[in-house]
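Trainee: Hi! Could you help me look at a ligand site?
Mentor: Happy to, let's open it up.

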Amino acid sequence: MHAITQTAAGADLIWREAPQPEPGPGQLLVRVRAAGVNRADLVQAAGQYPPPAGESEILGLEVAGEVAAIGDGVAGFTIGDKVFGLVAGGGYAEYCLLDARLAVPQPAGLGDEQAASLPETWLTAWLNLVDIGQVRPGQRVLIHAGASGVGAAAIQLAHALGARVAATVGGPDKCAWCRELGAELAIDYHCEDFVGAIKSWGGADLILDTVGGDYLPRNQACLNRDGTIVLIGLLRGSEAQANLGVLLVKRQRLIGSTLRALLVERKAALSSALWPWLLPRLAADKIRLTLDRCFVMPEAAQAHAWLAGGHNKGKVVLLG
Ligand SMILES: NC(=O)c1ccc[n+]([C@@H]2O[C@H](COP(=O)([O-])OP(=O)(O)OC[C@H]3O[C@@H](n4cnc5c(N)ncnc54)[C@H](OP(=O)(O)O)[C@@H]3O)[C@@H](O)[C@H]2O)c1
């Protein structure tokens, strides 16, 4: 098969021959027709986010395609079935292993590129807003990087669950786009301080922070009493100065979270909750697919450059 490979961390992304994986017990081999691109792939390609032990070294955290082979002990799938799902690596390839517990039958009407755009961002949003953040109707939720793949899912999820949503983004067009997705307040951080804007709005009860770094004390400054910050990304770095006085007096909670390293049983439980909620809403146009752009698989470097430049609104997908 072919896959995107590198000769070393930080080296060019090249589409070339690579060993084809074989499905072990509980696994499906998927002929990949589309693979989502995520910020984590850029970080891994730069050598800073190695895959969990035992997972493929190949980039790519979500795929859609057809079942090409079936491992021992798998029931409910046959060769040729259209499936999509979350993987912990290996998506930027012609063939990829998918744990059958995470494989979702592709609904009619959902194309490969659309299906491949869903798992990583929506499972991340569900894990951190619903499971960890315990979002409730009427709460005020602040989503940083609102036009990112994760941000677009998180805005729509929080809004659909009855929360009031604010988002930060870099630019007026991204502000307008986040409002279309359900944010009642969108702040262009290039020209407005989000702390003042969120305080005037009534403060935040829950913050989904994809940014980290110097956003931590600023998040604390606009987080309400008993509020929660769920930290899921470090776009501005891993060094931060927390205000422990504010943390203590306002009974704030700061929780770090990562989807990729969770046990597959937990991911399967998240999948069981998310897909029956999301797929009917997508079919009924109550939730929008936020597919920004597709590239063919050998153009993975161009896809990464598109993300790195912050050009995307929503998801980027590679076509296999
Ligand atoms: N912990 C987890 O399990 C998990 C899972 C998935 C994703 N994540 C994290 O979620 C974040 C979004 O991922 P994604 O794949 O959806 O990303 P993405 O689509 O590539 O979007 C990232 C966006 O973040 C904004 N950004 C970049 N650098 C920034 C900075 N220094 N300060 C503020 N904003 C910045 C840019 O938008 P603007 O133009 O609006 O600034 C950029 O378009 C990443 O941090 C990723 O690591 C975490």
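Trainee: Which residues are closest to the ligand?
Mentor: Of the 24 residues that surround the ligand, the closest are Gly-170, Lys-174, Tyr-189, Ser-257 and Leu-259. A residue is near if one of its heavy atoms lies within 4 Å. This is a predicted model, where local features need pLDDT of at least 70, side-chain atom pairs count only at pLDDT 80 or more, and totals for chains, interfaces and linings use all residues. Residues are numbered from 1 along each chain as its sequence is written, and side-chain values use heavy atoms, leaving out hydrogens and water.

Trainee: Cool! How far is the side chain of Tyr-189 from an oxygen atom of the ligand?
Mentor: A polar atom of that Tyr-189 side chain is 2.4 Å from the ligand oxygen. The side chain of Lys-174 also has an N or O atom 2.6 Å from an oxygen of the ligand. For the ligand, a polar contact is a pair of N or O atoms within 3.5 Å.

Trainee: And why does the ligand lie between two domains?
Mentor: Domain 1 (2-118 + 260-319) and domain 2 (121-256) both give residues to its shell, so the ligand lies between them. The domain bounds come from an automatic or database assignment.

Trainee: What about the shell's make-up: how many residues are charged?
Mentor: Four are charged, with nine nonpolar and 11 polar. Asp, Glu, Lys and Arg count as charged; Ala, Val, Leu, Ile, Met, Phe, Trp, Tyr, Cys and Pro as nonpolar; the others, Gly among them, as polar.

Methods. A polar contact is a pair of N or O atoms within 3.5 Å; within protein, one must be able to donate a hydrogen and the other to accept it, and residues adjacent in sequence count only if both atoms are side-chain atoms.
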